[in-house]
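Colleague: I am new to this structure and would like a close look at one part of it. Please take the packing of the helices and the pockets beside them, in one connected account.

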Amino acid sequence: MRGIEGQQAPERTRRLLRIGAVAVASLLLGGLTFFAQGWLPESFSSLANSASGWALLTALMVFGARLTGVTASIVGAISFVLLVLGYSLAAQLQGLFYSPVLFGVIGIVAGPFVGIATAWLRSSSQLRAAAGAALLSGIGIGEGVYGLTQVAETTSPVYWIVITVAGAALLAGMTFRRLRELRALAVAVVGTAVVAAAFNVAYLAVGSVGSIG
């Protein structure tokens with residue numbers, strides 16, 4: 001019994017270290033997204049000024065930390081919220097005010113889904129892998145379509161096209177490399193379309209123009 005507990009302790013420590021690293025990185029990257037709006041070329045400035053940018057960072061950090069299950073879900077919310085707070089703190093350092101409330105709430109609601117969806121990309125379950133791909137692909141495609149149709153007059157189309165293609169590429173990659181069951185394929189394709197549509201409806205409902213700044 002002690003041998004098993006001794007083996008589990010180092011793993012718990014490593015997991016806690018990975019979670020801590022994600023939290024610190026999220027706060028720092030959130031601050032960087034504020035400054036990146038001025039650093040990035042106009043064609044990609046929307047990366048630092050869009051919900052998909054934070055969702056992408058959250059997904060990459062959860063994926064890199066190799067978190068699973070409930071842990072991935074919780075850390076997804078923590079990461080998204082800390083990205084928002086980092087952005088808000090950076091704005092304050094420049095003498096500006098940005099309220100983190102709206103996107104903080106969005107992070108609490110959406111972050112767990114982004115976290116668990118990212119973890120499910122590695123799942124041996126076809127349906128879970130399909131659902132994870134559908135959520136992440138739907139976010140990318142959904143915001144890409146929103147950007148191209150709703151804020152096309154005030155932003156460059158380049159980022160919106162890139163994020164749309166990235167979402168479609170994730171869906172295609174998972175479809176051809178991981179998904180073999182017909183049910184899983186249906187979940188991936190239909191789920192992506194549903195999430196993309198829901199993303200647009202949600203943006204319109206909150207009166208957003210796709211901007212976090």
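At what angle do α4 and α5 pack, and how far apart are their axes?

Modeller: This is a predicted model, and what follows is computed from it. α4 and α5 pack at an angle of about 130°, and their axes are 7 Å apart. The two helices are therefore oblique to each other. Their crossing is left-handed. On the α4 side the contact is made by Phe113, Val114, Ala117, Thr118 and Trp120. On the α5 side it is made by Arg128, Ala129, Ala131, Gly132, Leu135, Leu136 and Ile139. By class, the contact of α4 with α5 has 9 nonpolar, 2 polar and 1 charged residues.

α4 runs from 101 to 120, and it also packs against α2, which spans 51–64. Here the angle is about 40° and the axes lie 10 Å apart. That angle makes α2 oblique to α4. The crossing of α2 and α4 is right-handed. From α2, the residues Ala51, Trp54, Ala55, Thr58, Ala59, Val62 and Phe63 take part, and they meet Phe103, Val114, Gly115 and Thr118 of α4. Sorted by class, the residues of this contact are 8 nonpolar, 3 polar and no charged. Val114 and Thr118 of α4 thus appear in the contact with α2 and also in the contact with α5.

α2 has a further partner in α3, which covers residues 69–93. These two helices pack at about 135°, with 9 Å between their axes. α2 is therefore oblique to α3. α2 passes α3 in a right-handed crossing. The α2 residues in the contact are Ala51, Trp54, Ala55, Leu57, Thr58, Met61 and Val62. Those of α3 are Ala72, Val75, Gly76, Ser79, Phe80, Leu83, Val84 and Tyr87. The contact of α2 with α3 has 12 nonpolar, 3 polar and no charged residues. Ala51, Trp54, Ala55, Thr58 and Val62 of α2 are listed in the contact with α3 and in the contact with α4.

The helices also supply the walls of pockets. The largest pocket has a volume of about 450 Å³. Its lining consists of 17 residues, and Ile106, Ala110, Ile139, Phe199 and Ala202 lie nearest its centre. Ile139 is also one of the α5 residues in the contact with α4. At least two lining residues come from each of α2, α4, α5 (126–150) and α7 (182–205). α4 gives the most, with 6 residues. By class, this lining has 17 nonpolar residues, no polar ones and no charged ones.

The second largest pocket has a volume of about 390 Å³. It too is lined by 17 residues, with Leu56, Ala59, Leu121, Leu136 and Leu170 nearest its centre. Two or more lining residues come from each of α2, α5 and α6, the last of which spans 157–177. The largest share, 6 residues, comes from α2. This lining divides into 12 nonpolar, 5 polar and no charged residues. Two of the residues nearest the centre of this pocket also take part in helix contacts: Ala59 is in the contact of α2 with α4, and Leu136 is in the contact of α4 with α5.

Methods: Residues numbered from 1 in each chain as written. Predicted model: local features only at pLDDT ≥ 70, side-chain atom pairs only at ≥ 80, totals over all residues. Heavy atoms only, no water. 1 Å grid on protein atoms, 1.4 Å probe; cavity = no way out; pocket = protein on both sides within 12 Å on 5 of 7 lines; lining within 4 Å. Points joined across faces, edges and corners; volume = space filled by probe spheres on them. Helix = DSSP H or I, 4+ residues; strand = E, 2+ residues; numbered from the N terminus. Nonpolar A, V, L, I, M, F, W, Y, C, P; charged D, E, K, R; others polar. Axes fitted to C-alpha atoms, helices over the stretch in contact; angles between N-to-C directions. Parallel < 35°, antiparallel > 145°, perpendicular 65-115°, else oblique. Left-handed = near helix turned anticlockwise from the far one by under 90°. Contact = heavy atoms within 4.5 Å.
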